[in-house]
Amino acid sequence: MNIIKKFALVLMLAAAVAAAKDTLSFAGVGDILVGRNWPDATPVLPPEDGASVFKDAKDILRGVDVAFGNLEGVFLDSGGTPKQCSNPSMCHNFRMPERYVKHFVDAGFDLLNVANNHSGDFGDAGRKTTARVLQEAGIGFAGFVGTHETYVLEKGGIRYGLVGFAPNIGTVSIHDIPRAQQLVRELKAKSDIVIVSSHMGAEGAKHANITRKPETFVGENRGNPYEFARQMIDAGADIFFGHGPHVVRAMDLYKGKFIVYSLGNFATTTGMNINGTAGYAPIVTIRTDRHGNFIDGQIHSFIQSGVSGERRPFADPTGACIKEFKRLTEADIPEVGLTIGNDGKIRLK
């Protein structure tokens, strides 16, 4: 058999495998900040240089077709221009060692959102280095306006598109709805499944509920997550992974497409409050058909504090995340076509 025939056979087999895969699986987690190497004189790095951060979660993340998370900060070993804030007490600059990207690879992350209020913490140097580090590691990412707005991952013969949005300078804006819809439509034209990632909404336990109205926080317009999710699905999105409030929020279903308004924090080993519900660190896995229509899902309950005082996602046998998602969904979206069981199973009504 000559090389052309062999190549044709490989393509035919790949197409057959893709055609036979009727069910696709996804995992979504919220904010990730693994250590902090700034200020230079007082770095705060996790035990084992970060090697153990994802150890309780990696089997779940590796067990799906596509694993997603929000990168809350930049990869940069030194330098950059630290962000200046009008209110220093509300100003946090997050910079992670570049070598820590290997922990994301080992955990099984395929796609990361980089559109958030910390992606510009160290200016262009932070964004450019983060892009280079992720590209070299083979992790897809999206959300930097003008340079890396969208990404298409081809895996197992399926094309997964990602676009990331936020209200912050240097990111693809949640406020330019026509442009956001255009990006989703363009991504849909070249992808089988489109994932929208959005860093929006007011922060903290006092803002865990979906109001279905525009939200502001520390004087900043953080958008209307309920309306934005629907606008993106109308444009062609199949999955909506929200994050930003640092606590979990309700789940929803619109036109058969899955929405989670906030995945909360996941692995924020330093620099963030993890008290109470801010320490909830869920992994949400879902299954869809090849057209992105929701089939079912599972909430895996994790919490960011262990008996040793170490900060990372620990499996939580009490199911705290499940109870919180269930409470908020039933309160805020009572008409939703989903049920959340006490075991964390997410099913169609």
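These are my notebook entries on one strand and on the aromatic rings of this structure.

**Entry 1: the model.** I am working with a predicted model, and I started with strand β1.

**Entry 2: strand β1.** I looked up residues 23–33, which make up strand β1. Is this strand enclosed by the rest of the structure, or open? Ten of its eleven residues are buried, so I noted β1 as largely enclosed by the rest of the structure.

**Entry 3: the partners of β1.** Next I asked which strands pair with β1, and in what sense.
- Strand β16 (residues 283–289) runs antiparallel to β1, and six bridges join the two. Here I found Phe 26 with Ile 286 of β16 as its bridge partner.
- Strand β2 (residues 66–71) is parallel to β1, with five bridges between them. In this pairing, Ala 27 has Ala 67 of β2 opposite.
- Strand β15 (residues 265–268) is also parallel to β1, through three bridges. I saw Ala 267 of β15 opposite Ile 32.

**Entry 4: aromatic pairs.** How many aromatic pairs does a search of the whole structure find? I wrote down 13. One of them brought me back to Phe 26: its ring and that of Tyr 160 have centres 5.7 Å apart and planes at 80°, so this pair is edge-to-face. Phe 26 belongs to β1 and Tyr 160 to strand β8 (residues 158–165), so the pair ties together parts 134 residues apart in sequence. I checked burial too, and both Phe 26 and Tyr 160 are buried.

**Entry 5: a second pair.** Are the rings of Phe 54 and Phe 266 stacked or edge-to-face? Their centres are 6.3 Å apart and their planes stand at 10°, so I entered the pair as stacked. It links distant parts of the chain, since Phe 54 sits in the loop between β1 and α2 (58–62), while Phe 266 is in strand β15, 212 residues apart. Phe 54 is buried, and Phe 266 is buried as well.

**Entry 6: a cluster.** I then looked for the company these two rings keep. Phe 54 and Phe 266 form one aromatic cluster together with Phe 75, Phe 104 and Phe 109.

**Entry 7: arginines over rings.** My last look was at charges over ring faces. I found Arg 95 over the face of Phe 122, at 5.2 Å from the ring centre. Arg 312 lies over the face of Phe 314, and there I noted 3.9 Å from the ring centre.

Note on methods. Residues numbered from 1 in each chain as written. Predicted model: local features only at pLDDT ≥ 70, side-chain atom pairs only at ≥ 80, totals over all residues. Heavy atoms only, no water. Buried < 20%, exposed > 50% of the residue type's maximum accessible area, 1.4 Å probe, protein only. Helix = DSSP H or I, 4+ residues; strand = E, 2+ residues; numbered from the N terminus. Pairing = 2+ DSSP bridges. Phe/Tyr/Trp six-rings, centres within 6.5 Å; stacked < 30°, edge-to-face > 60°. Lys NZ or Arg CZ within 6 Å of the ring centre and 35° of its normal.
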